[in-house]
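Trainee: Could we go through this structure together, step by step?
Mentor: Certainly; please have the sequence and the model open.

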There are 2 protein chains.
Amino acid sequence: MARAWHLERRPDGMPTADDFALRDIPATALADGQVRVRNLWLSVDPYMRGRMNDAKSYAAPFALGEPMGGGAVGEVIESRSDMLAVGDRVLHMGGWRDEAVLPAREAQKLPAIDAPAQAFLGQLGMPGMTAYFGLLHVAEAKPGETVFVSAAAGAVGSTVVQIAKAKGMTVIGSAGGAAKCDWVRSLGADQVIDYKGEGSVARQLSAAAPEGIDVYFDNVGGDHLDAAFATARQGARFAICGMIDIYNSGAPTQLRYIARTIAARIRMQGFLVSDWMGQAPAFYADMATWMAEGKLQRQETVVEGLEHMPEAFLGLFSGRNTGKMLVKL
Amino acid sequence: MARAWHLERRPDGMPTADDFALRDIPATALADGQVRVRNLWLSVDPYMRGRMNDAKSYAAPFALGEPMGGGAVGEVIESRSDMLAVGDRVLHMGGWRDEAVLPAREAQKLPAIDAPAQAFLGQLGMPGMTAYFGLLHVAEAKPGETVFVSAAAGAVGSTVVQIAKAKGMTVIGSAGGAAKCDWVRSLGADQVIDYKGEGSVARQLSAAAPEGIDVYFDNVGGDHLDAAFATARQGARFAICGMIDIYNSGAPTQLRYIARTIAARIRMQGFLVSDWMGQAPAFYADMATWMAEGKLQRQETVVEGLEHMPEAFLGLFSGRNTGKMLVKL
């Protein structure tokens, strides 16, 4: 019997285990055009927190009492479509469960890049695309510029660091704690800020980038965003990808330096990776090249077993992951 | 004997009259290429507050104990340059004084537009250009879009309202108090918010623009900026011109809705009008057309006498002006 995590109640602030329930889902015969996928890897991502609220946003809210969804990689075990055959490995959005039934057109065969399947949920998937298009297209970061990226030990941030280095930029990453900072340094970051360490982020950033920053890739919001306003050079561009600091707290963001927007002509631009899917081939081509050149490292934090998926998700907000957080079935 | 306002000490928070002193300035003979200008009108503008701080910004700080400067319109009374003749009326930056000596190349003859001289310090000058380029180029506002502008009874904001209407946009302006709101309505604004009235700016804006806003022209920052984040439609653009709310207070800006930047793909862009001076001819051409068509109204708040200039300046921060605040000599 297949099982899926259901949203039992809408979290108020930080979610707890009781907000979710793992339940059997009814066995269904395939309709024409559908496939059945046995999931191998499931993704947990910060954006899922937003879908747990009952608010209109870019992704529809999860329905109460219904299975949740999200990125997953699995193997087709039954097919009523010409598009996919049994044994095909696919990427799809029927996650938070061990087995998914979905239209074949909603599943994508894994691209022909020599990488483990779960990489297509991380560096070669949505988080990697987010890093690539956010840095190079939204922020228009150029070789020789100085880039600051927050949550640089996360799935998106660690890829930003490496793409920026592959493109000849100077990179300052922030992460929490010595182990993560060491890892970010090992990825090639020129400077690393420990936001749990001594001194405010603004002070640390100003010391790490005495000439200021040209680009800020924001995964965090809050004090990191304010530090970017404080140190932005003329014509700086901010790509706003996430603000994990406030997904749960709901507290207002306090910005002391936002008025520098005017004198420094800062451009702050929000984006969603979904807007860039049409350019995915460019992403795969560049990533395959950089992988072949040994310029991309990957780290994963793996939680085993569907039963532990809520813990994996909650771990995103307590900094439990280095690199991509995954659930292995 | 000519006199000029000197900066006596750097204000901490809201400036007071004691921060300034009106003093004689030494008589000087003209050097080659210079002109002597008898000022007729002097400008006070919010950006001058920034120059009173000892901080590096886009305009150099006023020096302590030295005469301040700013926009002025006057008449050439002595010339040692072929560029300007006695009797020419000119726009220049030697303000805060009754008589200025400056290189002729730093003074601009008033453009050949049929308008009173002081208009070239307001709607046909720096504030008007700020409105024009900020709305049409920085925010890229298009006919049919909904524009929100704060401080809509001010020199810049009132021009934004009228340009937006001339271009076929829907306009929501905010102003403080019934009299100013009435005036903004008389300029053609479709909706007017009294920020001193009932309900938060965010609530009032959401009622005035139930479908959301496409463009925000920011003169204020703070709660107005947050309201814009709350109501921004997909792909909204914010042109950040000023944040008068925090020029004196130094308090952090509190934003509850900034995370909407991501889902709504908001672009926030700071700008200075000086970046657009090269395109001034387009501005003068459009403004002359709109004036001829009766689409531009102008209001001025005039303080008479050089002695009262600090009061005029301080009045900018207490909402004393409707339209452009000027000092008439």
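Mentor: Domain bounds come from an automatic or database domain assignment. This is a predicted model, in which local features need pLDDT of at least 70 and side-chain atom pairs count only at pLDDT 80 or more, while totals for chains, interfaces and linings use all residues. Residues are numbered from 1 along each chain as its sequence is written, chains are lettered from A and ligands numbered from 1 in the order in which they are written, and side-chain values use heavy atoms, with hydrogens and water left out.

Trainee: Which domains does the assignment give for chain A?
Mentor: Domain 1 covers 3-122 + 299-328, and domain 2 covers 126-274. Taken over C-alpha atoms, the centres of these two domains of chain A are 28 Å apart. Contact means heavy atoms within 4.5 Å, and 20 residues of domain 1 of chain A and 12 residues of domain 2 of chain A take part in it.

Trainee: How much area do domain 1 and domain 2 of chain A bury between them?
Mentor: They bury about 1300 Å², with 60% of it on carbon and sulfur atoms. Buried area is the accessible area (1.4 Å probe) that two parts lose on being put together, summed over both.

Trainee: And how many salt bridges are there between these two domains of chain A?
Mentor: The count is 0. A salt bridge is a side-chain nitrogen of Lys or Arg within 4 Å of a carboxyl oxygen of Asp or Glu.

Trainee: How many salt bridges does the structure hold over all chains?
Mentor: There are 32 over all chains. One of them joins K324(A) and D45(A), whose closest N and O atoms are 2.7 Å apart. This pair links distant parts of the chain, 279 residues apart: K324(A) is in strand β16 (residues 324-328) of chain A, and D45(A) is in the loop between β3 (34-43) and α1 (48-51) of chain A. Helices (H or I, at least four residues) and strands (E, at least two) are DSSP runs, numbered from the N terminus.

Trainee: New topic: how many residues are in contact between chain A and chain B?
Mentor: Each side is counted: 31 residues of chain A touch 31 residues of chain B. The area buried between chain A and chain B is about 2600 Å², and carbon and sulfur atoms give 63% of that.

Trainee: Which three residues supply the most of chain A's share?
Mentor: I262(A), R265(A) and M268(A) supply 26% of the area that chain A buries against chain B, more than any other three residues. R265(A) also forms a salt bridge with D275(B), at 2.5 Å from N to O. The rule finds 2 salt bridges across the interface of chain A and chain B.

Trainee: Last one: why is the ring pair of Y132(A) and W290(A) tilted?
Mentor: Their ring planes are at 55 degrees and their centres are 6.3 Å apart, so the pair is tilted. Rings of Phe, Tyr and Trp (its six-membered ring) pair if their centres lie within 6.5 Å; planes under 30 degrees apart count as stacked, over 60 as edge-to-face and the rest as tilted. Y132(A) is in helix α2 (residues 126-138) and W290(A) is in helix α9 (residues 280-292), both of chain A, 158 residues apart.
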